[in-house]
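User: Hi! Could you walk me through this structure, one step at a time?
Analyst: Happy to. Let's have a look at it together.

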Amino acid sequence: MASAPREQWTSRTGFLLAAVGSAVGLGNMWRFSYLTAEHGGGAFVLLYLALTLLIGLPVLLAELVLGRGAGRSPVEALAHYGGRSWRPLGWLFVAAGLLILGYYSVIAGWTLRYALTAVIGGFPEDPGAFFGEISSGPAALVWHLLFMGITVAVVAGGVKGGIERTSLVLMPLLFALVIGLAVYAAALDGAASGYEFYLAIDFSQIWSFETLHAAAGQAFFSLSLGMGAMLTYASYLSRREHLPNASLVIAGADFAVAFVAGLAVFPLIFALGLSGDVGESTVGALFITLPKTFAGMGAAGRVVGLLFFVALAVGALTSAISLLEVVVASVMDGLGWERRRAALLVGPAIALVGIPAALSLDVLGTMDQIAGNVLLVLGGLFLAVFVGWVMRDPMAEVQPGAEGVGWFALWRWLLRIPVPIILVIVLWQSLQALLGE
Ligand code: PHE
């Protein structure tokens, strides 16, 4: 079976940028803004931050520990520490990867299409109609396939030559774009009302189960947790890496980008008085209101809009790479296939999974609900139980590179009790919401 020695990241920065690249994506800009709009602004942001710390960080560290400790892809890593009966959980991760990348790539395709529109004809007068035309059907399909092609090309290039190199170039660009957009938005007339909506906290909204499960699902989705992406990336790490610090950097950067993206999105939307439109379409919010804003801003709007959609596309690509890598690494480990062959076969399979999402917005929305609020939460629940209760000595695996850290006992306790309890409640809520629809 697998013969070549396992690849490793060339540098700590390379790993961190790749992991942050996985975390930062459509989740931070598209999903975060529409959920914030839907759940009352500041209250959602606060709850999301709290859950990132309380359940996101411990599960993130659990994935890093499992991946580095076993040095394998998810299926084999779980079998390594828990025995063969845990293998199906690994395959659940792979299935989640297939499903998520399928529709994720369709949305990423929209961002490419919008970037091109900014360059060629400028943003349309009626973005609602435009979005309707390009979001599903043949147009969506073509861009979805194009995006999958790019993703496959990067992953086929390997951990160092493909994933790490791409992240080193693209992530700094993305940070610069998002910060630049936020600074620009701050100068707009009417920005203040955007900030107010985004940052003022209406505490009555926090105590709703609906907000809770949306925020928890978002914490998992945004940190790429619950399906083995972080686990897989950590499997290419050496034992010198300080995993607790890495988890803090990844979670910190992920929240920061979402937060700064919100500082750009909400003033832009409110500056032109389009806030009423945001609630109308959930998945489409960003793709309808923002182009409307850009169209109303003349030539500047084309430049700003182009930069905005380029940032989205860049974020989407580095995240899509990690989704594909989970499946590719599993196929390589499980079947002994060589990387290129695995990538070239898995890529088209995922492209097929995405076709229904490219043909119907409703299907896409449902796939997103199932993936984000059910599969990832379920995966996270199992991971917490696995590292908290099943794995014999997680402390011994987190120690190397992080000797002397004092709060591992707290970490394990969180994984054992609070995290599973919260996740069971969230899962129950999500399932009810999904079945109720
Ligand atoms: N975290 C990515 C984003 O925010 C999405 C993702 C989810 C990537 C799960 C990998 C695994 O866009």
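**Helix by helix**

Analyst: This is a predicted model. A good place to begin is helix α6 (residues 127-135), where Pro127, Phe130, Phe131, Ile134 and Ser135 are buried.

User: Why do the buried residues of α6 lie on the same side?
Analyst: Look at the directions in which Pro127, Phe130, Phe131, Ile134 and Ser135, the buried residues, point. Around the axis of α6 they cover an arc of only 115 degrees, so they sit on the same side. The value to remember is an arc of only 115 degrees.

User: Which residue just after α6 takes a positive phi?
Analyst: Follow the chain just past the end of α6 and check phi there, which is about 100 degrees. That positive value belongs to glycine 137.

User: In helix α9, which residues are exposed on the other side from the buried ones?
Analyst: Start with the buried residues of α9 (residues 191-199), which are Ala191, Gly194 and Tyr198. They share one side of α9, because their arc around the axis is only 60 degrees. These buried residues pack against α2 (26-38), α3 (42-70), α8 and α13. On the other side of α9, the exposed residues are Ala192 and Glu196.

User: How many nonpolar residues are in the contact of α8 with α13?
Analyst: Helix α8 (residues 159-186) and helix α13 (residues 243-271) pack at about 35 degrees with their axes 8 Å apart, and α8 passes α13 in a left-handed crossing. Among the residues making the contact are Leu174 and Phe175 of α8 and Val257 and Val260 of α13. None of the contact residues is polar or charged, and the nonpolar ones number 14.

User: Which helix gives the most to the largest nonpolar core?
Analyst: That core has 169 residues, and those with the most contacts inside it are Phe15, Trp110, Ile250 and Phe308. Leaving aside neighbours within four places in sequence, phenylalanine 15 is in contact with residues including Trp9, Leu64 and Ile250. With 18 residues, the helix that gives the most to this core is α16 (residues 298-335).

User: Is alanine 329 buried or exposed?
Analyst: Alanine 329 is found in helix α16. Leaving aside its neighbours within four places in sequence, alanine 329 is in contact with Ser73, Thr232 and Tyr236. Buried means under 20% relative accessible area. Alanine 329 has a relative accessible area of 2%, so this residue is buried.

User: What separation do the C-alpha atoms of alanine 329 and alanine 342 have?
Analyst: Along the chain, alanine 329 and alanine 342 are 13 residues apart. In space, their C-alpha atoms are separated by 8.2 Å.

Methods
Residues numbered from 1 in each chain as written. Predicted model: local features only at pLDDT ≥ 70, side-chain atom pairs only at ≥ 80, totals over all residues. Heavy atoms only, no water. Axes fitted to C-alpha atoms, helices over the stretch in contact; angles between N-to-C directions. Helix = DSSP H or I, 4+ residues; strand = E, 2+ residues; numbered from the N terminus. Left-handed = near helix turned anticlockwise from the far one by under 90°. Contact = heavy atoms within 4.5 Å. Nonpolar A, V, L, I, M, F, W, Y, C, P; charged D, E, K, R; others polar. Buried < 20%, exposed > 50% of the residue type's maximum accessible area, 1.4 Å probe, protein only. Arc of directions from axis to C-beta. Core = buried A, V, L, I, M, F, W, Y, C linked by side-chain atoms within 4.5 Å.
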